Amino acid sequence: MILTDTATDLIATFPLGFVATVTKEGRPALSPKGTFLVLDHTTVAFGNIRSPGTLANLAHHPEVEVNFIDQWKRKGLRLRGSVRIVTDGTAEFTSLIGQWQEKWGDLADRITDLVLIDVASASEVTTPPYDDGATEAEMIAAYKVKFAEIYP
Ligand SMILES: Cc1cc2nc3c(=O)[nH]c(=O)nc-3n(C[C@H](O)[C@H](O)[C@H](O)COP(=O)(O)O)c2cc1C
């Protein structure tokens, strides 16, 4: 599955993805990961810093769904794919970790694994007001006001 330029830009700007996995018992599990990078047109990845539950779930079922949202535009991306874990100490980890060091500095030193997702499908998600004719400019303006009220 090829990631579009729009999808790539969204993840670069808003690298916080909500990662869904499945526990051994079959329960859904969701947790946020803010260290997402697009590695190429078919691969995204995040750094495991302290996500034991997600990693345990991936050990028995190596598939995820991830949502990324631009909270101003109220548009986002929903992707799913299979996962491959690249652990610190391997040549592949060494060749990749520089990209995290460049973007996150010292935080990257705490990454013990890179969770690579081979994207099988990706689709846009939008908020329902777009169905009624709202524009991106209107949504951004409205949420700038709302967020300024929360954190003036
Ligand atoms: C905004 C935000 C971003 C986060 N980013 C990451 C991350 O990139 N990597 C990571 O391992 N944990 C990250 N965390 C912490 C984990 O989500 C947190 O430790 C969580 O409890 C792990 O749950 P899990 O073990 O079920 O995945 C982040 C938390 C928040 C709130």
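Is L107 buried, exposed or partly exposed, and how many other C-beta atoms lie within 10 Å? The points below work towards this residue from the chain as a whole, and they concern a predicted model.

1. The overall build of the chain comes first. The chain contains 4 helices and 7 strands, and when it is read along the sequence these elements follow the pattern α-β-β-β-β-α-β-β-α-β-α. Its radius of gyration is 17 Å, which is close to the 15 Å that the globule rule gives for 152 residues, so the chain is as compact as a globular protein of that length. The C-alpha trace spans about 50 × 35 × 30 Å along its principal axes.

2. Two percentages add to this picture of the whole chain. Of the 152 residues in the chain, 21% are buried. If one takes the contacts between residues at least 6 apart in sequence, 67% of them join residues that are at least 24 apart.

3. Helix α2, which covers residues 52-60, deserves a careful look from both sides. Its buried residues are T54, N57 and L58, and because they cover an arc of only 100° around the axis, they are on the same side of α2. The face turned away from this buried side carries the exposed residues P52, A59 and H60. As for what covers the buried residues of α2, the elements include β1 (17-22), β2 (28-33), β6 (75-87) and β7 (113-126).

4. The surroundings of the ligand involve α2 again. There are 16 residues around the ligand, of which G34, T35, S51, G53 and T54 come nearest, and the elements that give two or more residues to this shell are β2, β4 (43-48) and α2. The largest share, 4 residues, comes from β2. T54 therefore appears in two settings, since this residue is one of the buried residues of α2 and is also among the residues that come nearest to the ligand, while its helix shows a buried side because the arc is only 100°.

5. The shell around the ligand can also be described by residue class. It has 6 nonpolar residues, 8 polar residues and 2 charged residues.

6. The opening question can now be settled. L107 is found in the loop between α3 (91-104) and β7. This residue is partly exposed, because 14 other C-beta atoms lie within 10 Å, whereas a buried residue would need 20 or more and an exposed one would have 12 or fewer. L107 and V22 are 85 residues apart in sequence, and their C-alpha atoms are 27 Å apart in space.

How values were computed
Residues numbered from 1 in each chain as written. Predicted model: local features only at pLDDT ≥ 70, side-chain atom pairs only at ≥ 80, totals over all residues. Arc of directions from axis to C-beta. Contact = placed C-beta atoms within 7 Å. Rg over C-alpha atoms; globule rule 2.2 N^0.38 Å. Near = placed C-beta within 6 Å. Nonpolar A, V, L, I, M, F, W, Y, C, P; charged D, E, K, R; others polar.
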